[in-house]
Amino acid sequence: PNKRIVYLTGEAFFDVAEDKTRPFTIYSGSLSTTALGTSFNVRAYPEEQKLSVALVTGKVEVDNFEIDTSEILIPNEQLVYNVQELESIKQHFDTELVTGWHKGLLIFQNSDFNDVVEKLERWYGVSFEIQKLPTYQKEYRGRFNYQSLEEVLQVMSFTSGFSYIINDKNVIIN
């Protein structure tokens with residue numbers, strides 16, 4: 001075959017070997033990202049309003065079939081497409097914040113409680129049941145490197161004023 005094709009739902013980091021005769025293309029929602037030799041992150045969760053492609057090294061072309069646009073990204077540029085508003089924005093990004101997940105870094109930066117819960121559910125494969133909202137719910141900041149869910153919740157519960165119970169794949173906040 002003369003093409004390398006991936007269909008993505010979710011998030012993945014790619015480090016693509018250069019092969020000019022076989023372009024590498026990722027289809028994610030209404031975006032396709034084509035690379036010849038590069039490293040980049042694609043985020044395309046179906047329940048989220050935004051799709052994004054963040055380029056670390058090399059060069060990629062991002063085509064949007066829904067609004068018929070094409071953008072070339074250079075290192076440290078990210079294309080964010082808002083599915084609901086049919087709008088794309090090209091911007092610079094913090095590499096560690098966007099791609100640190102694939103190196104075991106769980107990072108929160110100005111995240112609210114709902115964002116933190118959503119990220120923890122994905123990261124650890126658990127479900128949260130919120131019986132009582134914590135006292136503090138805004139601007140969570142933290143960096144965790146290969147730490148357990150228990151360790152993360154210990155830090156958060158201390159600073160946010162909540163208690164928790166971990167029961168297998170269920171977390172109860174009370």
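Here are some notes on a predicted model, arranged as numbered points for someone meeting this structure for the first time.

1. **The five-stranded sheet.** A good place to begin is the open sheet made of five strands, which come in the order 1-3-4-7-8 with mixed pairing. Its edges are strand 1 (4-7) and strand 8 (69-73), and each of these pairs on one side only. If you look at how neighbouring strands of this sheet lie against each other, the average turn is 20 degrees, direction ignored. As background, strands in a sheet pair through backbone hydrogen bonds, and they can do so in a parallel or an antiparallel way.

2. **Strands 4 and 7.** Within that order, have a look at strand 4 (residues 31-35) and strand 7 (residues 60-64), which are antiparallel and share five bridges. Which residue of strand 7 is the bridge partner of A35? That partner is V60. Keep V60 in mind, as T38 also touches this residue.

3. **An aromatic cluster.** The whole structure holds seven aromatic pairs. One of them is Y7 with Y27, a stacked pair with 5.3 Å from centre to centre and 20 degrees between the planes. Y7 sits in strand 1 and Y27 in strand 3 (residues 24-28), so to speak a link between distant parts of the chain, 20 residues apart. Y27 also pairs with F65: here the ring centres are 6.2 Å apart and the planes meet at 20 degrees, so this pair is stacked too. F65 belongs to the loop between strand 7 and strand 8, while Y27 is in strand 3, so the pair ties together parts 38 residues apart in sequence. Put together, Y7, Y27 and F65 make one aromatic cluster.

4. **How open is that cluster?** Is Y7 buried or exposed? Y7 counts as exposed, because its relative accessibility is 67% and the cut-off for exposed is over 50%. F65 is exposed as well, with a relative accessible area of 53%. Y27 has 29% relative accessibility and counts as partly exposed.

5. **A charge over a ring.** Elsewhere, R122 lies over the face of Y45. The distance to the ring centre is 3.4 Å.

6. **T38 and G37.** These two are worth viewing together. T38 is part of strand 5 (residues 38-44), and G37 is in the loop between strand 4 and strand 5. T38 is buried, because its relative accessibility is 2% and anything under 20% counts as buried. Leaving out residues up to four places away in sequence, T38 touches F14, D15, V16, L55, T57, G58, K59 and V60. G37, in turn, is partly exposed at 32% relative accessible area. With that same exclusion of residues up to four places away in sequence, G37 touches V16, A17, E18 and G58. V16 and G58 therefore turn up in both contact lists, T38's and G37's. The C-alpha atoms of G37 and E61 are separated by 12 Å, with their positions 24 residues apart along the chain.

7. **Q84 in its loop.** Q84 is found in the loop between strand 9 (77-82) and strand 10 (87-92). This residue is exposed, at 59% relative accessible area. What does the side chain of Q84 make a polar contact with? The partner is the side chain of Q49, at 2.7 Å. For another view of the surroundings, the C-alpha atoms of Q84 and E48 are separated by 9.8 Å, although the two residues are 36 apart along the chain.

8. **Strand 15 and its partners.** Strand 15 (residues 170-173) has two faces: V171 and I173 are on the covered one, N170 and I172 on the uncovered one. Strand 12 (residues 127-130) runs parallel to strand 15 and is joined to it by four bridges, and S127 stands opposite N170. Strand 14 (residues 164-167) pairs with strand 15 in the antiparallel sense, again over four bridges. There, I166 stands opposite V171, a residue of the covered face.

9. **The hairpin turn.** Strand 14 and strand 15 form a hairpin with two residues between the strands. Which residue of this hairpin takes a positive phi? D168 does, with a value near 60 degrees.

Notes
Residues numbered from 1 in each chain as written. Predicted model: local features only at pLDDT ≥ 70, side-chain atom pairs only at ≥ 80, totals over all residues. Heavy atoms only, no water. Buried < 20%, exposed > 50% of the residue type's maximum accessible area, 1.4 Å probe, protein only. Polar contact = N/O pair within 3.5 Å; in protein donor to acceptor, adjacent residues only side chain to side chain. Pairing = 2+ DSSP bridges. Axes fitted to C-alpha atoms, helices over the stretch in contact; angles between N-to-C directions. Phe/Tyr/Trp six-rings, centres within 6.5 Å; stacked < 30°, edge-to-face > 60°. Lys NZ or Arg CZ within 6 Å of the ring centre and 35° of its normal. Contact = heavy atoms within 4.5 Å.
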